[in-house]
Each structure stands twice: as structure tokens, then as C-alpha cells.
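Student: I should like to learn how to read the features of a protein model. May we work through one together, step by step?

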Amino acid sequence: MTETRIERHHYDVVVIGAGGAGLRAAIEARLAGKKTAIISKSLFGKAHTVMAEGGAAAAMGNVNSRDNWQVHFRDTMRGGKFLNNFRMAELHAKESPQRIWELETYGALFDRTKDGKISQRNFGGHEYPRLAHVGDRTGLELIRTLQQKIVSLQQEDQREFGSYDARIRVFAETTVTELLLDGDRVAGAFGYYRESGEFVLFEAPAVVLATGGVGRSYKVTSNSWEYTGDGHALALRAGATLINMEFLQFHPTGMVWPPSVKGILVTESVRGDGGVLKNSDGKRFMFDYVPDVFRKQYAETEEEADRWYTDPDNNRRPPELLPRDEVARAINSEVKAGRGTPAGGVYLDIASRKSAEEIRRRLPSMYHQFKELADVDITKEPMEVGPTCHYVMGGVEVDPDSGAAAGTVRGLFAAGEVSGGMHGSNRLGGNSLSDLLVFGKRAGGHAATYTDQLAARPAVSVAAVEAAVETALAPLQRDTGESPYQLQQDLQVVMGDLVGIIRREGELADALGRLAELRERVAKVSAVGGRRYNPGWHLALDLRNMLVVSECTAKAALERQESRGGHTREDYPAMDPKWRRVNLVCSLDGDTVRLTHKPLPKMRPELIGLFDRAELSKYLTDSELAEFDALTEEANN
Amino acid sequence: MGSKRQFRIWRGDETGGDLKDYAVEVNEGEVVLDVIHRLQATEAPDLACRWNCKAGKCGSCSMEINGKPRLGCMTRMSTFEETETVTVTPLRTFPVIRDLVTDVSFNYEKARETPAFAPPADVAPGDYRMQQVDVERSQEFRKCIECFLCQNVCHVIRDHDENKQAFSGPRFFIRAAELDMHPLDAKTDRKEYAQSEMGLGFCNITKCCTEVCPEHIKITDNGIIPMKERVVDRRYDPLVWLGNKIFRRGQVPQTSATSGHSSGAVTAGAAHGGVHSHAGGSHDSSAERQAQQGVNWQREVPHPTAPAVDSSGKLPLTELTFDRAAAPSPFGDDVEFPLPPEHLNFAHPQQDEPKH
């Protein structure tokens, strides 16, 4: 092993991940004067953040002046069903506007209001128009702006030191496979260049994780290949903890066919404009899935439902417009009963319901998206849709103010989708982009401060590096194991079928058994070919991350006996206030995932006072409500 | 459902390689990138190919499909004949790393050389005020997903490695244009910089970049041409040089003789055949005044015409599918030389003097 060439670098702060959170963290660390490295799995500027369309939520009050951070805070807590870390939601609501305005000084060009301010749009769950946006490509604008800000910092360094890379350098197409520790302190990160397969070692006292989500463990997902839960797994292996891993956001109608658009979202307005869901028998099945609590508001016959579109005052709503989780549950049941489409979804039909001209007028972007990407003419044929994995609420448990990872490790920070707590059990649209900026900046800044406080730099041990090299080369040296592609497919089947949108105790237990089998197979995976840009090898190394994160999700999902936000248990269909007080915390004990209960931090009085009692009574236990009553009484006296 | 289709994919690295034949199962509704993924999952697990979002938004999966620069995720298999062999090769302009992956670091170097946004000194964050109509021009260029297909197709560097040093390419011309049009950018010499440092003058507007842009950004019409038109320094611009030859400017005493300052912007405009220049381009009021006297503002100026497109609504790509050798005329196919005198926006210094 000692003959393996390893490139060594010394940095103060290493940021793993080059999406919104990572770039913002790096900017902050560099502005604090730290020598900063950005490690990007893809090319610089290709991060998954580009997929965000809607916008970035920030209570600037440009469109409705009644908006302020308190209202935003309330919306966020509601959206997360009160499981959010209140302090993160508070910081997020307070600091988002500054983070957005700051982007303008970096050169961002948001859409404008008539008086020249940043325009804001309405979005589900937000009380006022709040999302700063650029058409439907807000994520791209965000990435490009941060990317260009980094370039401008490099230009400053070039003028001052004669080198663009003097204080901030981007390592594109580089994957980190291991964090290296000195006792309980982060000492560095080990990885490889994708292009050459050469190894690289970053010695650094502080590491910021900003690696995004875990969606590639699912069959149908809107996430890119990078979303293999690297940061989640690196944190676990370094002694940090994960929370809320049972909460995944699924969208009920993602395309499942044709394969070229698998996972891509079909907006809810298709159903709002008359689109209906049908099974393979051609039956409009949603009428069979109206739960009792909604019975009164939803139509019982197709005739009545159809009349609603033109006369909503005298008719009840069609059942296609039930809440997301109900629709997803219904689709799931139909498919499991064998009435799904060949691709494992159901039909969403608007073609037979509206004229082609009307569809093109009402749903232009949907029409163009499918025409261009898939050659599907939604004015002529039904779409095949099913639930698609979209976002993971869970992630690294962090200190809300600094982003420092909890657990036994020091010098590790996390921001963005890889961190947990901010969104509780369910994320509001638009909150992720502002989350990236607020907590990216905080993590970068606090990582810089942390390095200042260190008396001595932690040292990387040679043995740890040798072990990392060995682990990384192992798949290439085996030729008896299975193909990584096959293993990924099998993992996706287990997660998609058994730990998907609707969960049952038996299936979850089954999933854990299968994941244990997969773990053994993954340990023996083999990759053919050499080290130079070998995607099979890359996937083989990603697999163990995907696997451990999947185990966390399955374990936590089995443990939480209630349904809340992004976690739906068919055997426990209601929300249970007792479970609201609990975070499920995953840690790694040797090789096995350990799950513990941890009480949620208690909201400060002035924050809980922002809600009215009627609303709180849906979420809080009786004893918590009594406490709330005592508080209000105290305030009134 | 599926059928076997013939593929030829370039396999190799910087030391060389060749096209390998594959017969791959292709299902209805798939794109080229799906086929590459299937190959990776079956007979070629180490086939190198970049990709990311698979929805045409990140610009990672740039490749050349049947010789045309395309995004793999946006090229549907249904656009090919059932019996057609689909040939997939890496981007030609950049050095190969392995298989379909090329070293695109050229683009990141050029990005670093392009001066960044200069925030206005006296405007606090949160106080930026801009009108939608003003930001829209720059927003068009900010749609760029950095797939670098425009850089790949640009013939200034496609087969001329030696030009790479001095030439930034279409991607960064629209970055310069974007900043130039930014309502609050404090740097005022974007155009001049593009001309003198980025090699804007090398571009002779064949519009190949516009044609391959998956975001349909009008790189040439809305970015490059407006910058070329208004840039003051004309020395390095082969177009202006060519225009001068054609119009015999070199032999005619210029208005600039009195001002000591070139009226290049005006003449450059005329050279674009049909796209007439804006008065005031020379920033020299006496030269402008003099020029205006001799200009027939009622003259018939040919309307800017849309490019000649083929049946698929696209410009015929120069090298491979165009119906003639070499690039199309940068002046447009509908412009004949010499230009009719009434189309010229030119004031002869002695035109008002009586003829002998």
C-alpha cells in the first residue's frame, strides 16, 4: 500500500459538496481569511441545486408588506408539523432576507416587482408571496451566482498573491470516501479524483459537509446520481449522529414512464385543471380512497366531480385533489393490487378531458417539458405517474447556531439537505434554497472560528490513510463479486417497495432483513476496469454510503409509530402528540446502526406565543398545552 | 416493446481509441443517455460518461451524437430511424480523458479570466432597484447551463488549438454581455475588454453556437453582435477589417481625421450588412454631426432577416450538414456585394462640396 501515490493538500477548512450550501460555506470561510478547499463530486456549477425551480423563501415583504420573519417562522413550523428544531426555523426566517439581498451584491438577477424590488411568488404553505425567483430556474441562478462570487474571490487572490488558488480552490470531480480523525477531532478527508482515479488527502482541522440528499437509493426519484448520502454516511462513520431519517418527501405524481423522464415531477395543477387518475382497468379509482374525515368535502360520483370544475360552489371537489399523501397512498395501493401500468404507476389523463389547445394554454411548461424531454404529447396520451422521492428532511444532527455536528466528533459541520432538524417532518417548497444560504454561511463561518480556537492542528494517522486506500481499491481487486449496478438496482427495489411513501411494520422489518443481506453483497462488490474515470468503481464506492443511510431510514421508520409529514405508516395513520416530542437519533456502533430517542428542544415562550391555542392543540400533548396556558395566563396578568 | 439498436461509441483515452460497436436494447421513450446507462449496467460497466440531472438543466452530458453536439439527456431515440446506427463521440474541441469524458478545464480557466460583477459602491444590500425589462436582457444569458456545446462547436477553437489562448469563446462572450447589460454593474469597459482580452474579434458570426444552444439563447444576435457593434476598438476585428477592404475605407479620408478618434462603431455597424448602426456610436459629437449631414436617414435599410433554417427549424450545421464547403457568409446569404450605395451609412467629408 505504501507505494500508492497520494496527493497531499493542507487547508484550514474543507467543504465537501459544491451545491448552494457548500459554496456559501466556502465563501464565508474564505472571507474569514481561511485557506479553503471546495470538493465537488461533479464539475463546478453542476450541483443538484440547479433543479430547484420555485424559488427561495425569504420574508422580505416586497409583495405583501405584512410578511415578516414571525409569519415565515410560523409557516415553517406548521409545514414541518412542529417537529422542526425551532431555533433553526427561527434563524432561517430571520436571516433569509439578508442572504437573498447579499446575492444581489454578488450579481444575481431576480425577477422584479413594478417598483424595482425583488419579486416574490406564492407557494404552498406560505401565507404571503414569499419566494424570490427567476422564472422557473431559481436554483440555477443561485448556483451560478455563488460560483461567480467564488471566481471573483479567486480574482482578488490572483491580484494579491499571484495565484487564483491561493486561498480558495475548487477540486472538481473529486469524491471524498473517508473522514480522518485525530482522537475525536477531524484531521482531514481522503478521496479520489474521478478523472484520474488518483488519491488525494486533505489535511484540515475543520470539515463542512454539504453533500445533499439520499434519493438515489430509490427506484423513482427526482434526484441526480450524486445523491448517494455521502455526507450522511461520512458523518456517521466519524462519530456524528443523524436525526429524522424516517422523513422523506415524496411527490405523488412523478413520471414513471417513459424512462427518460422517470422521477420528474408533474405539477399538481394538472389535476387541478381536470386531470384524472385511472388504473390499468381504466377505472377512475380515487373515489374508492376518500377517507372518512374528508367524505363530506369530496364528490362521490364522477358526474358531481366533473361539475365541480365549472361550478365549485354547488358541487364537491373531485377526489383527485385530496392531500398529497392521500393521493400517493391511493396510487400505491392500486399498483400493489396489480392494477398499475406496466411501468409501475397509474395513468394521469388530461388528454381525454381537455382540448389540446386548452392544455397547451393552461399547462405550457408541462406540455413543453414532456414534448421536449420524452416526446410525450400530453394532449394526446395519458401520463404514467407514481410517487417520486424528492427530498430528505433528515440529516446530520447539528447545533442550530453553528452547524457543528452533534455526537462525539469535533470540527465537523453540516449545512443544507445533509443536515437535519430545520424542516422537521416536512419541508415547505422554497425553504430549501434559503436554508442553503442561511446555514451554509453559518457553518462556513463557525468552521473558520473553530480553527482559530485550536491550539494545535490535529494530525492524520498513516494507518487511517492506508486503511482508506485499501477500502477504496478493494472493489477493483475483486473479480468474483456482483456488479455495482445490479446491487444499486436491488437496493432501490427494497427501498422503493418496502420503505417507500406508505410504510407498514411487516414490510419495514422485511426491508431491514434484506438490507442486511445487501450489506454482505455490497461488501463483496467488484468493479471491472481501471481507476481512470470508471463509473462502475465510483458507484461501488458510493454503495456502502447508500446502504448505511438506507438502514437508518428503515430503522427509524419502523420505530416511529405514527404518521407525520414525510413518514406515513398505514398501521398508525394518525399523528400522535407524544411522538412529536421525540427525535429519533441514529449513530454508528461499530458497523451497526443504533437508534435512540431524544427529546425535542422546547420552544422559547415568545416563539410559542406566536401560535394560537386552537392550532397548537392539534400538535401538543395535554401537559404541553397546560404549560402553554400557564404561559399565556402569566402574560395576561 | 424494446428493440435492438446499433450504437457506435468512442472508447479510449488520450493515447487513442476507436469506435466500438454495441447492439443495445432500446425501449420506447428513451434518450441517448438512457442507452449509455444501460450499456454501463450491462456490457460496459466502465464506460465513462458525465451526467447529472438528466432533465436538461445541468449541462453535464454534452457529447457528439452522429457528429452533432448535443446533450445526451435531450436527444430522444425516436429522432433516429429504427435501422440507423447512432454514433456517439466525445466533444471534439477538448482533450479526451476517457471515452465520452473530456477535459473541459479550458472553460473554467476562461471563466476565471472574465472580470466578475462589480457591485455599485454606494448601494447597500437590499437597496438594489432594477426594472424587470432591464434585467431581462441579462437574464437571457444567465439561463446558460454551461454545457459548453457552444464552445465545442465554435470553429475558432474547434480545430485550432492555437487560438485557445487568446479566445474565450461564446460562453464567455455572453457572460461579458450579461454584465455589460446588468443595470447596476459598476465596470464600464466590458465590451472593450471582450474585444482586447477575450478575442471577441475572432468571432465571425457563423451562429453555430446559437444553433447548438440547448437553452435557445440567442448567443450571436443578442450577445455577440451588440457587443461587436458598439465596441470602440476595431483594430483586431477581422469583420471590420474585411468591411474596410470592401468599402475601401483605407483609401478614403475619414471623419476621424478631424477628430483624431475612430468612428469605428459606425463603420462596424455598416459592415454587418443589414444591421445598421446606432448614431452616436463614436462618442465624438463633431464627427457624429458631420456624419449625420450626409446620411440619408430615409434610405431603405434591409430588415434584419431570420437565419435560413432547414425543415427542422434549425440552422444547417456548418461542417457536417451544410450544403456547401466552408462557413456561410457572415453577412447573411441574402447580401450581395458591392452593397447598393443607398444602403450605406457613410458621409463623405467632401460630399457637400460642388462636384467639378
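**Reading the model, feature by feature**

Tutor: Let us begin with a single residue: A:E300 is exposed, with a relative accessible area of 51%. Please keep in mind throughout that this is a predicted model.

Student: With which side chain does A:E300 meet in a salt bridge?

Tutor: The general idea comes first: side chains of opposite charge can pair when their charged atoms come close. In this structure A:E300 meets A:R316, with 3.5 Å from N to O. A:R316 lies in the loop between helix 7 (302-308) and helix 8 (324-336) of chain A, whereas A:E300 lies in the loop between strand 14 (276-278) and helix 7, so the salt bridge ties together parts that are 16 residues apart in sequence. A:R316 is partly exposed, at 27% relative accessibility.

Student: How many salt bridges are there over all chains?

Tutor: A search of the whole structure gives 86. One of the pairs is A:K283 with A:D288, whose closest N and O atoms are 2.6 Å apart. A:K283 is partly exposed, with a relative accessible area of 40%, and A:D288 is likewise partly exposed, at 49%.

Student: Is A:D157, by contrast, buried or exposed?

Tutor: A:D157 is buried, its relative accessible area being 0%. The side chain of A:D157 forms a salt bridge with that of A:R30, at 2.9 Å from N to O. This pair links distant parts of the chain: A:D157 belongs to helix 4 of chain A and A:R30 to helix 1 (residues 20-31), 127 residues apart. A:R30 is also buried, with a relative accessible area of 4%.

Student: Which residues are linked in a network of salt bridges?

Tutor: The network consists of A:R87, A:E90, A:K94, A:D401, A:R604 and A:E606.

Student: I should now like to consider the two chains together. How is the size of an interface expressed?

Tutor: It is often given as the accessible area lost when the parts come together. Here the area buried between chain A and chain B is about 5,300 Å², and carbon and sulfur atoms give 52% of this area. Three residues, A:K46, A:L109 and A:R532, supply 13% of the area that chain A buries against chain B, more than any other three residues. Counted by residues in contact, the interface has 59 from chain A and 64 from chain B.

Student: How many salt bridges and how many residue pairs in polar contact lie between chain A and chain B?

Tutor: The rule finds 6 salt bridges across this interface. Among them is the one between A:R144 and B:E146, where the closest N and O atoms are 3.7 Å apart. The count of residue pairs in polar contact is 40, with both residues at pLDDT 80 or more.

Student: Which elements of chain A give two or more residues to the side that touches chain B?

Tutor: They are helix 3 (86-105), helix 4 (138-161), helix 10 (364-374) and helix 15 (535-559) of chain A. Helix 4 gives the most, with 10 residues. By class, this side of chain A has 24 nonpolar, 15 polar and 20 charged residues.

Student: How should a pair of aromatic rings be read?

Tutor: Such a pair is described by the distance of the centres and the angle of the planes. The count over all chains is 19 aromatic pairs. In the pair of A:Y11 and A:F202, the ring centres are 6.5 Å apart and the planes are at 50 degrees, so the pair is tilted. A:Y11 is in the loop between strand 1 (6-10) and strand 2 (13-16) of chain A, and A:F202 is in strand 10 (residues 199-203), 191 residues apart. Both A:Y11 and A:F202 are buried. Elsewhere, ring pairs link A:W69, A:F73, A:F82, A:F611 and A:Y619 into a cluster.

Student: Finally, what does the backbone show? Which residues does a cis peptide bond join?

Tutor: The cis peptide bond joins A:W257 and A:P258, with omega about -5 degrees. A:P258 is placed in the loop between strand 13 (248-257) and helix 6 (269-272) of chain A. In chain B, phi deserves attention: B:K54, which is not a glycine, has a positive phi near 60 degrees. B:K54 lies in the loop between helix 1 (32-41) and strand 3 (62-65) of chain B, and counts as buried at 14% relative accessibility.

Terms used:
Residues numbered from 1 in each chain as written. Chains lettered and ligands numbered in written order. Predicted model: local features only at pLDDT ≥ 70, side-chain atom pairs only at ≥ 80, totals over all residues. Heavy atoms only, no water. Contact = heavy atoms within 4.5 Å. Buried area = accessible area lost by both parts, 1.4 Å probe. Salt bridge = Lys/Arg side-chain N within 4 Å of Asp/Glu carboxyl O. Polar contact = N/O pair within 3.5 Å; in protein donor to acceptor, adjacent residues only side chain to side chain. Helix = DSSP H or I, 4+ residues; strand = E, 2+ residues; numbered from the N terminus. Nonpolar A, V, L, I, M, F, W, Y, C, P; charged D, E, K, R; others polar. Buried < 20%, exposed > 50% of the residue type's maximum accessible area, 1.4 Å probe, protein only. Phe/Tyr/Trp six-rings, centres within 6.5 Å; stacked < 30°, edge-to-face > 60°.
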